[in-house]
Amino acid sequence: MGKKFISLILVVLPFIFMLGAIPFVNRIDPIILGLPFLHFWLFLGTILSPICTFVIYRLQKSEGRIE
């Protein structure tokens, strides 16, 4: 797999995680860390998005596309 394909996956992953999976995780049970499952899922998405952005940045920097 090329770095461009990995970057594309990392761009799409937060979108699918935050919006595409909502119908499947829209429930209250189980309670995780005192949060309903949907809120915990959205919290994880908030953590996942900057991680994906950082990895994309590092991939582009290693290819020399960012000065």
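Accessible areas here come from the Shrake-Rupley method with a 1.4 Å probe, and for residues only the protein chains shown count as cover. The structure is a predicted model, in which local features need pLDDT of at least 70 and side-chain atom pairs count only at pLDDT 80 or more, while totals for chains, interfaces and linings use all residues. Residues are numbered from 1 along each chain as its sequence is written, and side-chain values use heavy atoms, with hydrogens and water left out.

**Exercise 1. State how much area the protein chain exposes and describe the overall form of the chain.**

Step 1. The exposed area is about 5000 Å², and carbon and sulfur atoms supply 73% of it.

Step 2. Helices (H or I, at least four residues) and strands (E, at least two) are DSSP runs, numbered from the N terminus. The protein chain has three helices and zero strands, in the order α-α-α along the sequence.

Step 3. The radius of gyration, taken over C-alpha atoms, is compared with a globule rule of 2.2 Å times the number of residues to the power 0.38. The protein chain has a radius of gyration of 15 Å, well over the 11 Å that the rule gives for 67 residues, so the chain is more spread out than a compact globule.

Step 4. Along the principal axes, the C-alpha trace spans about 45 × 20 × 15 Å.

**Exercise 2. Characterise helix H1 (residues 3-20): its span, its bend and its packing.**

Step 1. The expected span of a helix is 1.5 Å times one less than its number of residues. H1 has 18 residues and reaches 24 Å from first to last C-alpha, close to the expected 26 Å.

Step 2. The bend at a residue is the angle between axes fitted to the seven residues ending there and the seven starting there. At valine 12, H1 bends by about 25 degrees, and proline 14 follows within four residues.

Step 3. Buried means under 20% relative accessible area, exposed over 50%, and partly exposed in between (1.4 Å probe, protein chains only). Ser7, Leu10, Pro14 and Phe17 are the buried residues of H1, and they pack against helix H3 (37-63).

Step 4. Contact means heavy atoms within 4.5 Å. Leaving out residues up to four places away in sequence, serine 7 touches Ile56 and Leu59, and phenylalanine 17 touches Trp41, Leu44, Gly45 and Leu48. Serine 7 has a relative accessible area of 8% and is therefore buried.

**Exercise 3. Which residues make up the largest nonpolar core?**

Step 1. A nonpolar core is a set of buried Ala, Val, Leu, Ile, Met, Phe, Trp, Tyr and Cys residues joined through side-chain atoms within 4.5 Å.

Step 2. The largest one holds six residues: Phe17, Ala21, Val25, Phe37, Leu38 and Trp41. H3 gives the most to this core, with three residues.

**Exercise 4. Examine proline 30, leucine 33 and proline 36 in the loop between H2 and H3.**

Step 1. Most residues other than glycine have a negative phi, and most peptide bonds are trans. The bond from aspartate 29 to proline 30 is cis, with omega near 0 degrees.

Step 2. Leucine 33 has a positive phi, near 55 degrees. At 72% relative accessibility, leucine 33 counts as exposed.

Step 3. Proline 36 counts as partly exposed, at 25% relative accessibility. Proline 36 touches Ile28, Pro30 and Ile31, not counting residues up to four places away in sequence.

Step 4. Proline 36 and tyrosine 57 are 21 residues apart in sequence and 33 Å apart in space, C-alpha to C-alpha.
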